[in-house]
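The following note is offered to a colleague who meets this structure for the first time. Its points may be read alongside the sequence and the coordinates.

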4 protein chains.
Amino acid sequence: MVKVTVWNENIHEQTDAEVRDVYPEGIHGTIANFLKENGLEAKTATLEQPEHGLTDNVLNETDVLIWWGHTGHDKVDDRIVEKVKDRVLKGMGLIVLHSGHFSKIFKSLMGTTCDLKWREAGENERLWVVNPSHPIAEGIGEYIELDHEEMYGEHFDIPEPDELVFLSWFRGGEVFRSGCVFNRGLGKVFYFRPGHETFPTYHQDDIQRVIVNAVNYVKPLNQNQPIRGNVQPLERFDK
Amino acid sequence: MVKVTVWNENIHEQTDAEVRDVYPEGIHGTIANFLKENGLEAKTATLEQPEHGLTDNVLNETDVLIWWGHTGHDKVDDRIVEKVKDRVLKGMGLIVLHSGHFSKIFKSLMGTTCDLKWREAGENERLWVVNPSHPIAEGIGEYIELDHEEMYGEHFDIPEPDELVFLSWFRGGEVFRSGCVFNRGLGKVFYFRPGHETFPTYHQDDIQRVIVNAVNYVKPLNQNQPIRGNVQPLERFDK
Amino acid sequence: MVKVTVWNENIHEQTDAEVRDVYPEGIHGTIANFLKENGLEAKTATLEQPEHGLTDNVLNETDVLIWWGHTGHDKVDDRIVEKVKDRVLKGMGLIVLHSGHFSKIFKSLMGTTCDLKWREAGENERLWVVNPSHPIAEGIGEYIELDHEEMYGEHFDIPEPDELVFLSWFRGGEVFRSGCVFNRGLGKVFYFRPGHETFPTYHQDDIQRVIVNAVNYVKPLNQNQPIRGNVQPLERFDK
Amino acid sequence: MVKVTVWNENIHEQTDAEVRDVYPEGIHGTIANFLKENGLEAKTATLEQPEHGLTDNVLNETDVLIWWGHTGHDKVDDRIVEKVKDRVLKGMGLIVLHSGHFSKIFKSLMGTTCDLKWREAGENERLWVVNPSHPIAEGIGEYIELDHEEMYGEHFDIPEPDELVFLSWFRGGEVFRSGCVFNRGLGKVFYFRPGHETFPTYHQDDIQRVIVNAVNYVKPLNQNQPIRGNVQPLERFDK
């Protein structure tokens, strides 16, 4: 069974009643719950816990890590970021949600600023499937419709995604690469745009379906660790 | 005229007579010289200089930075690395040579370990052109032949290159992705494998041709800086 | 000087007064004119000419071929398509415009159906630059705004583009990959979406700028023809 | 259970005793047998059968088609090629082996000549894994070693693969992109280089493992057929 750890900074939920109303169990709780309803094993971890809840024991039991952060990016310890990055490069799957585009872990794996345009206006978003046979889009029709979301617009400063699954359309005139797979080391990283804390995005069925699909897509498949470093010449080797 | 700064840690040249014999002007001096012979403006900078020779004034006058490092990667100041990275993301071209695969600047832009296999045996290498219409391969025939080089072998832990120009064949049985273009932010990064310090690789005509071509390819072309951050709604915008 | 041949089926211009009003010199004439104003050498060719105007003599003098077709795709002779395809694979640049997505030459180079969604409603289109340092976007700001265009929507059945330059937003709720570079053989193919025959799209400055940029981008750069077929063993070769 | 149809032109097996000795059941028989041993459902089809054995009934029962051809490419009926292509674009997986690089179906899906360099010398080949976490490489170590194979060398005239899994090294001095995934329409195409008819390549365990892995990788996963063609405006649509 795939083991997922859902990490959330869990700040807005404690400081903003509007967010608490939408996510009374925290964004992490909501996500963990629907993962479990879909047959996955899911635990949560948050910023305020020792080592942000990402101890070696926890990471040893994590096939896929989901990351939601926003206002607390700078509070994440660099050593934890390095540990998580090392795990991803060795094969752990990583799903970065929404404002996690500015998290240390995502920026470190991308090598770019990951900056973008944004507008908080609760406007209509449509996520069009541009890769209709991709496993992450399985069961989704042509697009996902969100009635109220924060806008993220291009130019999104990321490396070219290895696989582009969703493109967003926003009522206000912008587009955005909203579902992007990046292969990094032996791991897969999926960035998924939606999920502003004041909107009930993670309660919506098709959004949950995408995240469940993504967990199954980015989970480690092939645990061969490549040999690197100094190697001996082959027997047949002759200058 | 394109302005190039050739950066070299310049350590082997001072500590190893064998290297000094091959590169009496330093690897940086040799490279800067053939760039100038090819009509480019080239200066040099080295690790031991203040700010490693990469002051704001120098970087302001740099269209393309060439990087050679090996034993001194850890001695490069993190703040200089951040400054160089910021320049690349804003459009400065970067060419990383040989053992520069383990430099802080390259690893930071790639987001992976950039680890590989290696063997110092002075064996034969052939760099096959796998993208024959690519500007970096202009004037190169089917392949470049190097009589004696250090071997680098797969798996090379890099993100999928945006453009793959050369694949190396080594006498001892290995292959390697030897010429790789990565787009990062507004900048282009070219990694070029050959150039072990004890071999006269950078004196060879076709290797020089590739580096000249690469300078012209990665130089900034389009200086539009995208708008990011919070943007106002369009006039027509209505929820 | 780059030599461009602008091919147009030139049917709507003869049968539809509305189109003739917008393009009294034909779409091909309008495009050839602005190319010349931008310092390029440009000739035209049309469907009704012998060999559709694409004789060996014409193709011998063509660095870049621009293609506009719509209602007459089936009237294009397969042998001419094969000749054009052969030229592209040997290095000739090809720019396919708008409804040319369904041309024989484009479908043959792509290997897919090139089908898409469409709606003729004269609605607002924005072409967002998603690759701001790409030469084809040089001089374009953040986006191109078209007041009235036909809508093309995803899923667009093309192979993953080698370079994605523009993404379109349409007022009616759709998105589209509108500026796509494909490397095929030694040639570059650029597909550019806008240009419905009843709208003055090709009279607009920024659209003209993109097409001029694209000509300079897809023109042949490196005329080395790779060696293929049966090759002799190397001297050193021993089983 | 995944249903595989193994297609072989089945000519060398009938005309060349040397080939018959290596593959007494035909290449198709050998492949079908090891697929069945690995829990897959496998049937065979050959050139000399009516409709080359690829009737609608057969294709309706095919999730993945494997293709081996060499001397009989021109004998394959264009209408069958079109039918197979249509199936691939709608989601059927396709695995093209060795000299199938010159088959009509592969060239038609690629849009390029698919030409390459070759030498029949029974020399040593190593297929290096360059994407160690790819499902197709699962269970393979660092490389596959083949003692005797025909050489295929670059430049291989294919579009840039969507995923590159194997790179071959040949004793005689060449390299080759030997394991390539291409997404075309809703289907996945895997090209796998080894398998000259006079060598026992398809009897080797790790080669069989790759083909079994590939069947599971290219099989249809997501049967949503995208909507294309003329679409009605959205309710909210207003010019």
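1. Strand 1 of chain B runs parallel to strand 2 (residues 41–46) of chain B, and 6 bridges join the two. Within this pairing, B:Thr5 is found opposite B:Lys43 of strand 2. As in everything that follows, the reader should bear in mind that the model is predicted.

2. Strand 1 of chain B has a further partner: it pairs with strand 3 (residues 64–68) of chain B, again in the parallel sense, over 5 bridges. Here B:Asn8 has B:Trp68, in strand 3, as its bridge partner.

3. The surroundings of strand 1 of chain B (residues 3–8) deserve a remark. Of its 6 residues, 5 are buried, so this strand is largely enclosed by the rest of the structure.

4. Turning to the chain as a whole, chain A contains 7 helices and 10 strands. Its C-alpha atoms occupy a box of roughly 70 × 40 × 35 Å when taken along the principal axes. For 239 residues, a compact globule would be expected to have a radius of gyration near 18 Å, and the value for chain A, 18 Å, agrees with this.

5. Burial and contacts in chain A may be considered together. Buried residues account for 57% of the 239 residues of chain A. Among the contacts in chain A with a separation of 6 or more, 71% are between residues 24 or more positions apart.

6. A:Tyr23 serves as a single-residue example. This residue is located in the loop that lies between helix 2 (17–22) and helix 3 (26–37) of chain A. Is A:Tyr23 buried or exposed? A:Tyr23 has 22 C-beta neighbours inside 10 Å, and the cut-off for burial is 20 or more, so A:Tyr23 counts as buried. When residues up to four places away in sequence are left aside, A:Tyr23 touches A:Glu13 and A:Thr30. A:Glu138, by contrast, is 115 residues from A:Tyr23 along the chain, and the C-alpha atoms of these two residues are separated by 26 Å.

7. The relation between chain A and chain D is the next point. Which turn lays chain A on chain D? A turn of 180°, with a shift of 0.0 Å along the axis, does so with an RMSD of 0.0 Å. The two copies are therefore related as by a two-fold rotation axis. In chain A, the C-alpha nearest this axis belongs to A:Asp162, at 4.1 Å from it.

8. The contact between these two chains involves 15 residues of chain A and 15 residues of chain D. On the side of chain A that touches chain D, 7 residues are nonpolar, 6 are polar and 2 are charged. The interface residues of chain A are, to 100%, also interface residues in chain D, so the copies meet through the same surface.

9. Chain B and chain A complete the account. Chain B can be laid on chain A by a turn of 180° and a shift of 0.0 Å along the axis, with an RMSD of 0.0 Å. The C-alpha of B:Gly111 is the one in chain B nearest the axis, 2.6 Å from it. Because 100% of the interface residues of chain B are also interface residues in chain A, these copies meet through the same surface.

Notes. Residues numbered from 1 in each chain as written. Chains lettered and ligands numbered in written order. Predicted model: local features only at pLDDT ≥ 70, side-chain atom pairs only at ≥ 80, totals over all residues. Contact = placed C-beta atoms within 7 Å. Nonpolar A, V, L, I, M, F, W, Y, C, P; charged D, E, K, R; others polar. Least-squares fit on C-alpha atoms with pLDDT ≥ 70 in both. Helix = DSSP H or I, 4+ residues; strand = E, 2+ residues; numbered from the N terminus. Rg over C-alpha atoms; globule rule 2.2 N^0.38 Å. Buried ≥ 20, exposed ≤ 12 C-beta atoms within 10 Å, placed from the backbone. Pairing = 2+ DSSP bridges.
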